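Me: I would like a close look at one part of this model. Please keep to that part and explain the terms as they come up.

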Amino acid sequence: MTLQITSAFDSGNIIVESINGDSASLRIAKDHQSDFYQWFHFRVTCEPGTTLKLAITDLADSAYPGGWQNYDAAVTEDRMEWLRAPSSWDKDAGTLTIQWECESGSAWFAYFAPYSYERHQNLVADAASCEGVTYRQLGTTGDGRPVDCLEMGEGEKQVWLYARQHPGESMAEWWMEGALAKLTDPADPHARLLRQKCRIHVVPNMNPDGSVRGHLRTNGKGVNLNREWHEPSEERSPEILCVRNAMDESGVDFAMDVHGDEAIAAVFLAGFEGIENWTDELGDKFYRYQDLLSQRTPDFQKELGYPKSKPGTANLTISTNQIAQRFGAVSMTLEMPFKDNQFLPDKQRGWSPERCIRLADDCLAVLAEMIDEI
C-alpha cells in the first residue's frame, strides 16, 4: 500500500512535498493572509506495522522556532487517546522529523490534540441543556459562525472565561471542557459557591474560523485577535468586538484568557503589570490567585513565564491588559505548554487533554476559595 497523506478535514494543515517509500517531506501552510505558521494536523495511511519517518521542513521561519526543541508531536490511531511520537529537531536544517510505528495502518498527527468544531458544538449543546445555564450568541465571525457564550449563576460578581483567541492553541478548549463540566455539576461545592456569588460568562472558542481553517494564530481574515482589544472592528475582528461589547454591558470583576505557549514547557500565568490604572491592591489579588494555584496543583508553577511590563508600558491591544485597565478587573492569561510540564513530565502523553481538564478544575476551585476578595 502506497503511503497517503491528507489534511482535507476540520483543522487540517499540511502540504505534501514528496513521498518516498515509508518517508515523506512535508511543509506547514501559513494562516490565510498571514505569515504565521506552526499548527499542523494530518492523517497518514499505510500498511499496518509501517515505521513512518515524516520530516516537516521550512520551520526556521515558523512563528516560534524555539517551540520545536524538545518537542514530540501528538499522535493517535484510534482518535480517542493522544500519545506522543518521538520527534527530533534539526535547528540548522529547520526540520522536525517524526517517527512512528503505525500498527493499525492509519494515524493522525497534530501539533497538539485537536479540539474539533463538532466537539465544540457538542460542548455548547451539553452545557446549554444543564439547569440554570443560558445560551447566548454574542455575534458572528467573518465566515458566519456564531460566537457562543454560556452564562450561569445568580451572583453580582462578573466572571468571564474565554479561550482560543489563537485557534492552534487547542489545549485552551480542552480546559474549557473541564471548566464547563465543573461549573454545571450540581454536586460540586466550588461550582455551587461560584454560581451563588457570580454571574459567569464562558466563551469556549473565540476564533472558530481559525480553528476550522487549521490556523495557528489568526482568524479567517488573517488577524491576530489578541492584538485587537483596544479598537476592535466589524471588518477585522468581529469576534473581539462582540465579546468586548458584552463585557461592557455586564462589567468584569474577574477574567481568565486561556492559551497555550509554544516554547515554555510549563503552566504559568501572565498578569497586567504595566497598566496605567495599576494599584498594589488589585495586583495583590492576582498574585494571591497565582500563589493559591501553585499550592493547589503541582502542574502549576511560578518559576517560568513572561517578563513583567514596566509601569505605564502595558500593551492595551492584549485582552488581559485591556480588561484590567478598562474594568479594574483581576485579569490574567493562563498559558499551558504544547510540549510537556518539565517539572512533572509524562513521556508517553506530554501535556495532554486530560491534564488540561484537570487544571480547569483546580483553577475554578482557587477562584471559589478567594471569590469574596475579588
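In the hairpin of E8 and E9, which residue takes a positive phi, and how many residues lie between the strands?

Reply: The residue is Gly-94, with a positive phi near 65°, and four residues lie between the strands of this hairpin. The structure is a predicted model, in which local features need pLDDT of at least 70, side-chain atom pairs count only at pLDDT 80 or more, and totals for chains, interfaces and linings use all residues. Residues are numbered from 1 along each chain as its sequence is written, and side-chain values use heavy atoms, with hydrogens and water left out.

The hairpin joins strand E8, residues 87-90, to strand E9, residues 95-102. A strand here is a DSSP run of at least two residues, labelled E and numbered from the N terminus. E8 and E9 pair in the antiparallel sense over four bridges; two strands count as paired if DSSP finds at least two bridges between them. One pairing to look for is Ser-88, whose bridge partner in E9 is Thr-97.

E9 also pairs with strand E5, residues 50-56, again in the antiparallel sense, over seven bridges. On this side, Leu-54 has Ile-98 of E9 as its bridge partner. E9 therefore has pairing both with E8 and with E5.

E9 is mostly covered, as six of its eight residues are buried. Buried means under 20% relative accessible area, against over 50% for exposed and partly exposed in between, with a 1.4 Å probe and protein chains only. As background, side chains in a regular strand alternate between the two faces of the sheet.
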